[in-house]
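User: I'd like to learn how to read a few features straight off a model. Could you take me through some of them, general idea and then the actual case?

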Amino acid sequence: MSDTSGLITPALVDLHLAPADKSEALRSLAQRLVAEGRVTDLDGFLADVAAREAQAPTGMGDGIGIPHCRSPHVTRPSLAFGRSTRGVDFDAPDGRPADLIFMIAAPAGADDTHLQILAALARRLMDPAFTGALRDAGSPGAVAALINGEEAPAVVPATAAAAAPAAVPETGAVPDPGVDSGLRLVAVTSCPTGIAHTYMAAKALELAAARAGARIQVETQGSAGTTVLAPEVIAAADAVIFAHDVEVRDRARFAGKPTVDVGVKAAVNRADDLIAQAAGLVAETGSGARAVAPVAAASASAGEHWAQRLRKYLMTGVSYMIPFVAAGGLLIALAFAIGGYQIASAPSVLGHFDWTSSHSWAAMLFQTGKTSFGFLVPILSGYIAWAIADRAALAAGIAGGAVSVAVGAGFLGGIVSGLAAGFLVLWMIRWNVPRAIRGIMPVVVIPLLSVAAVGFLMFVVVGSPIASAMNGLTDWLNGLSGSNAVLLGLLLGAMMAFDMGGPLNKVAYTFAAGALTAAGTTPDAGSLKVMAAVMAAGMTPPLGMALATVVRRGLFTSEERENGKAAWVLGASFITEGAIPFAAADPLRVIPANIVGSMTAGGLVMAFGSTLRAPHGGIWVLPLIGSPFLYLTAVAAGTVVTTAVVVLLKGLRKPAAQAASNLAQREPVGA
């Protein structure tokens, strides 16, 4: 057997899967992977699968479910297969239970060769002949041979033949349509894990284009690597389809093309509609754009509200900023722990470093962390601009963020400069310029004009007012005391718990991190209290859920109890997302409990006056927390409140259900 074969063995096939629910199906298939040595930690792997399920349903429709994840507990790319007579609910868009369940397990660091196998499998799942053969297979060995590509489907089932007139070769080539409509399309597909949906969407678009008599080439930006569309192919295309759940890389290449922009599952489930929509856009705008080579562009998702787009832009900037916050903040916090707050005034370690002096090491850590913090606002601004207009806007965004720091406008100024740079460049790339200068637009003209314009905006127009606002915010935070501080802690706590890693959570965290940069060297600055409150409130939801699974095990499923074990570590490490599997299963009870508990923790931290200079770390940065005992008391109180509320709400559900059952039993027949 070669290194690229053996994705599945007969021992990983269950032709009589009969679970009570989805969690039991996942556990049954995962146990087969463990038994074959493909997974080393059952509970850890199931927690990773549950986290992926919480992002979006993995039911694909047509009776197919593809739970999948990347996990450090997977030893090699593998697949476990289950066939269920009564089906398992994977929240498919067509509402049909999955009778074919493919559990795809990929190592966290899988190589490209193995990931290409998984990509090929994902494409084959869109072939009705393949899935029909799996439904008819009589033995685990036959299933394993089909999936490993050792055996081709012998007969195309009648239902499959009606569903798809032609199969697309695994190379991604488009079948020659019977009637060529003349429509030329390109597409990009991508999903968060880049394992399944990316390639299924590509195959679905290829099949739909073939049915419509169109020609399409698809660039799959997934884990198995990307074969980039050639510039001449893009230039010749009439329209573009983006089917993605993560940002399309280098979407600048598609400027000026009519664009259909949707989520990746839309391509899997309604590819024919997307092809028709693209054809309609071409009919409206004409195909004259085909001859125009793109410079740079980014198009908003079709039908997406402006507020949703704005949130996406801001969250993109925040996601790229957070590593700088974490690295810089932790280094500064360690420097203060080693050398005290006076280390901030130490001379540069360049030429003054003593290898045997703890003071020199502390100064080096502080100066490195401070340098990392210096990139925070430029990176925030640059990637906000990038999210709007792709890489053509990076120069203006980063330069605008640097000017914001120079004039004292801080992270608020970075947001303004990023938005200004992005929309300015988005307007500039739509200019109809002579062909002679089109080639230098993205490398000379756009950077020159946009950097100058954003610099003028920040230096002359809005920089000073925003700097005044930032100074006022800093003074207000430093002066917080009493009821004002507690109210702010309550508000930040509610935001941290409401969506557990989503936009509101990130807004609260960004507010605290931005204030942290202005904290200076004052040991009890108000901004340090804000950071402490935010981290405590973020730790509480997973800790509360973990405790609840211990004190009232009967209220939780076996899968939730297993997730509770991981939630202890996640909560202690300030990873609020550890509560997501619980919220996804029972949002009406879990989310309110999380909010009340996090408000308790945030309010108490502000009342106690605990401080935190590190922007992350949970209990692992306890030596860097001011008033650590009171801080732990606040976290413990929030955890207990979360547990009490969720146990109360879940407990009320069961008596109500029992009462309804009793009433139904007393109801006379025929009433």
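User: Let's start with a loop. Where is S627 found?

Analyst: This is a predicted model, so keep that in mind throughout. S627 sits in the loop between β12 (625-626) and α25 (628-666).

User: What should I look at in a loop residue like that?

Analyst: Backbone phi is a good habit. Most residues other than glycine have a negative phi. S627 is not a glycine, yet its phi is positive, about 55°. As for its surroundings, S627 is partly exposed because its relative accessible area is 35%, between the 20% and 50% cut-offs.

User: Which residue with a positive phi follows α5?

Analyst: That's G149, with phi near 80°. Helix α5 itself covers residues 140-147, and its buried residues are V143, A144, A145, L146 and I147.

User: I147 rings a bell. How do I read a core?

Analyst: The general idea is that in soluble globular proteins, nonpolar side chains tend to be buried together. Here the largest nonpolar core has 75 residues, and F45, F81, F102 and I147 have the most contacts inside it. Helix α7 (residues 197-212) gives this core its largest share, nine residues.

User: What is F45 in contact with, apart from its neighbours within four places in sequence?

Analyst: The list runs A30, L33, V39, C69, S71, H73, V74, M103 and A105. There is also a second, separate core of 39 residues, which includes A346, F373, A421 and I446.

User: And how do I get a feel for the whole protein?

Analyst: Start with the totals. The protein has 25 helices and 12 strands, and 52% of its 671 residues are buried. Then check contact separation: taking contacts with a separation of 6 or more, 74% join residues 24 or more positions apart.

User: Let's turn to helix packing. How do α14 and α15 meet?

Analyst: Read the distance and the angle together. The axes of α14 (residues 394-406) and α15 (residues 410-428) come within 8 Å and cross at roughly 155°. Angles over 145° count as roughly antiparallel, so that is how α14 runs relative to α15. The crossing is right-handed.

User: Which residues make that contact?

Analyst: From α14 you have A396, G397, G400, G401 and S404, and from α15 there are G410, G413, G414, S417 and A421. Sorted by class, the contact of α14 with α15 holds two nonpolar, eight polar and no charged residues. Glycine is counted as polar in that tally. Remember A421, too: the second core includes that residue.

User: What about α13 against α14?

Analyst: Helix α13 (residues 376-389) and α14 have axes that come within 7 Å and cross at roughly 150°. The two are therefore roughly antiparallel to each other, and α13 passes α14 in a right-handed crossing. On the α13 side the contact uses V377, P378, S381, G382, Y383, A385 and W386, which meet L394, G397, I398, G400, G401, A402, S404 and V405 in α14. By class, the contact of α13 with α14 has nine nonpolar, six polar and no charged residues.

User: Is the packing of α14 with α17 parallel or antiparallel?

Analyst: Go by the angle again. α14 and α17 (residues 441-461) pack at about 25°, with their axes 9 Å apart. That makes α14 roughly parallel to α17, and the crossing is right-handed. A395, A396, A399, G400, V403 and S404 in α14 meet S450, V451, V454, M458 and F459 in α17. The contact of α14 with α17 divides into eight nonpolar, three polar and no charged residues.

User: To finish, how do I judge single residues? Is S360 buried or exposed?

Analyst: Compare relative accessibility with the cut-off. S360, in helix α12 (residues 358-374), counts as buried because its value is 8%, under the 20% limit. Leaving out neighbours within four places in sequence, S360 is in contact with V349, H352, F353 and D354.

User: And A327?

Analyst: A327 lies in helix α11 (residues 306-339) and counts as partly exposed at 37% relative accessibility. Sequence distance and spatial distance are worth reading side by side here. A327 and G369 are 42 residues apart in sequence and 6.8 Å apart in space, C-alpha to C-alpha.

Note on methods:
Residues numbered from 1 in each chain as written. Predicted model: local features only at pLDDT ≥ 70, side-chain atom pairs only at ≥ 80, totals over all residues. Heavy atoms only, no water. Axes fitted to C-alpha atoms, helices over the stretch in contact; angles between N-to-C directions. Helix = DSSP H or I, 4+ residues; strand = E, 2+ residues; numbered from the N terminus. Parallel < 35°, antiparallel > 145°, perpendicular 65-115°, else oblique. Left-handed = near helix turned anticlockwise from the far one by under 90°. Contact = heavy atoms within 4.5 Å. Core = buried A, V, L, I, M, F, W, Y, C linked by side-chain atoms within 4.5 Å. Buried < 20%, exposed > 50% of the residue type's maximum accessible area, 1.4 Å probe, protein only.
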